[in-house]
Amino acid sequence: MSSKIRVAIVGLGFGAEFIPIYQNHPHVDMYAICQRTTDKLNQIGDHFGIQVRYSSFDDMLKDDNIDAIHINSPIPNHAEQSIAALMAGKHVACTVPMATTVEDCRRIVEAGQLSGKNYMMMETCVYTREFLYVKALRDSGQLGRIQFLRGAHQQEMSGWPGYWEGLPPMHYATHAVSPLLALADKEAEFVSCLGSGQIADNLAAKYGSPFAVESALFRLRDSNLAMEVTRSLFETSREYVESFDVYADQMSFEWQQLEGEEPIIFTGENAQRVTIPDYANLLPEGIRKYTMQGVYDSADNVHLSFKQGNGHGGSHPHLAHEFIMSIVEKRESFPNSYTSANWTCAGICAHESAMNNGAQVKLPIFR
């Protein structure tokens with residue numbers, strides 16, 4: 001390995017967001033990019049001055065100069081590409097979800113064990129400003145004893161690329177599941193989930209999933225805690241929201257109802273809206289600005305993540321920093337492969353429960 005971590009990015013839609021972050025990170029050589037369509041590959045490569053370019057994922061894996069690969073390809077490719085990259089001796093970061101089946105999650109965990117390389121699911125919701133704010137309340141003892149947690153991710157995905165059409169809501173649940181489990185510092189143990197409503201027949205036929213909304217109750221392993229998660233993807237009117245609420249005995253946190261409002265802290269029955277600080281100070285100076293702005297486009301062509309969800313709450317540079325520093329410091333990333341598998345399988349098992357009218361489903365244990 002060179003003195004700097006040589007990174008390759010796969011998928012240059014959302015993935016392009018991360019190029020300048022890596023370019024300005026003190027421990028990274030932003031080395032290569034990979035995209036099937038050569039026009040876009042060259043457009044992005046020319047814009048950012050990246051000379052090593054691949055239109056074939058398999059060809060890229062043969063490049064011994066690459067230490068780490070950040071995968072931003074469509075969901076159906078996540079499992080096979082993650083496994084292939086790990087087995088090629090590369091550290092892997094992959095956008096959510098880890099996979100869409102329990103078996104593929106297990107295969108990724110096993111590939112990480114066999115290769116000895118880091119795997120990190122790049123879950124934005126555990127590095128947002130709001131998450132970091134509530135985590136600080138928890139760590140300082142101000143929250144007190146957590147009593148219950150609730151998460152929601154509601155989005156209208158009509159018109160997105162075809163593989164999204166009809167996707168079971170809980171197969172893309174990590175944005176709602178992860179902040180709850182991370183704040184509780186627990187894994188999900190079992191789930192009972194009900195589907196509700198009905199999407200159009202042509203959408204339902206894609207994955208055999210008829211529900212407009214799926215709502216799940218989870219028991220957290222080795223605790224007396226429960227959490228509730230609600231997901232919708234199609235034909236349910238609601239402004240975009242990725243939210244979490246945490247109820248504790250000293251203080252509780254509720255996400256705002258509308259984008260642009262401020263969240264609420266409850267102390268007893270007293271309510272107070274709070275302004276969430278930015279946490280760029282936790283990052284190397286060169287990438288601090290990326291908590292507040294899009295990074296690859298002009299102001300009239302901002303990535304969708306900055307139109308919906310306020311740029312994933314400033315999480316992108318925090319994610320890249322955690323991935324790189326876990327390699328530099330020779331430690332596991334947060335989340336590691338085991339945690340990523342539990343967060344992903346929470347949704348997969350919830351959908352299985354919904355398809356069986358709420359029957360309880362136990363999550364697998366990967367450790």
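In which sense do strand 4 and strand 5 pair, and over how many bridges? I started my notebook there. I am working on a predicted model.

**Entry 1: strands 4 and 5**

I looked up the pairing. Strand 4, residues 68-71, runs parallel to strand 5, and the two share 4 bridges. I then picked one position to place the register. H70 sits opposite A93 of strand 5.

Next I checked the cover on strand 5. This strand spans residues 91-95, and 5 of its 5 residues are buried. Side chains in a regular strand alternate between the two faces of the sheet. I therefore split the list by face: H91, A93 and T95 lie on one side, V92 and C94 on the other, and all are buried. The cut-off behind that word is under 20% relative accessible area. Both faces of strand 5 are covered.

**Entry 2: the sheet**

I traced the rest of the sheet. There are 6 strands, ordered 3-2-1-4-5-6, in an open sheet with parallel pairing. Which strands stand at the edges? I found strand 3 (52-54) and strand 6 (119-122) there. Each has a single partner strand, so one side of each lacks a neighbour in the sheet. I noted the twist too: from one strand to the next, the average is 25°.

I also looked for a helix packed on this sheet. Helix 4, residues 78-87, packs there and touches strand 1 (5-10), strand 4, strand 5 and strand 6. Its direction makes about 165° with that of strand 5.

**Entry 3: helix 4 with helix 5**

I stayed with helix 4 and turned to helix 5. Their axes come within 9 Å and cross at roughly 10°. Angles under 35 degrees count as roughly parallel, and helices 4 and 5 are therefore roughly parallel to each other.

I listed the contact residues. Helix 4 brings A79, E80, S82, I83, L86 and M87. Helix 5 answers with D104, R107, I108, A111, G112, L114 and S115. I sorted this contact by residue type and got 7 nonpolar, 3 polar and 3 charged.

**Entry 4: helix 6 with helix 7**

I ran the same check on another helix pair. Helix 6 covers residues 129-139 and helix 7 covers 174-184; their axes come within 10 Å and cross at roughly 20°. Helix 6 and helix 7 are therefore roughly parallel as well. What is the handedness of the crossing? I read it as right-handed.

The helix 6 side of the contact is F131, V134, K135 and R138. These meet P179, A182 and L183 in helix 7. By type, I have 5 nonpolar and 2 charged residues in this contact, with no polar ones.

**Entry 5: cis peptide bonds**

I scanned omega. The bond from V96 to P97 is cis, with omega near -10°. P97 belongs to the loop between strand 5 and helix 5 (102-115).

I noted another cis bond, this one joining F334 and P335, with omega about 0°. I placed P335 in the loop between helix 11 (316-328) and helix 12 (337-354).

**Entry 6: positive phi**

I then went through phi. K330 has a positive value of about 55°, though this residue is not a glycine. I found K330 in the loop between helix 11 and helix 12. Is K330 buried or exposed? The relative accessibility is 77%, so K330 counts as exposed.

I logged N357 next. Its phi is near 55°, positive in a residue other than glycine. N357 lies in the loop between helix 12 and strand 15 (361-362). With 67% relative accessibility, N357 counts as exposed.

**Entry 7: R273**

My last stop was R273, in strand 14, residues 270-273. I looked up the accessibility: at 43% relative accessible area, R273 is partly exposed. Which residues does R273 touch, leaving out those up to four places away in sequence? I listed Q256, E261, E262, P263 and I264.

I closed with one distance. R273 and G208 are 65 residues apart along the chain, and their C-alpha atoms are separated by 42 Å.

Key
Residues numbered from 1 in each chain as written. Predicted model: local features only at pLDDT ≥ 70, side-chain atom pairs only at ≥ 80, totals over all residues. Heavy atoms only, no water. Axes fitted to C-alpha atoms, helices over the stretch in contact; angles between N-to-C directions. Parallel < 35°, antiparallel > 145°, perpendicular 65-115°, else oblique. Left-handed = near helix turned anticlockwise from the far one by under 90°. Contact = heavy atoms within 4.5 Å. Nonpolar A, V, L, I, M, F, W, Y, C, P; charged D, E, K, R; others polar. Buried < 20%, exposed > 50% of the residue type's maximum accessible area, 1.4 Å probe, protein only. Pairing = 2+ DSSP bridges.
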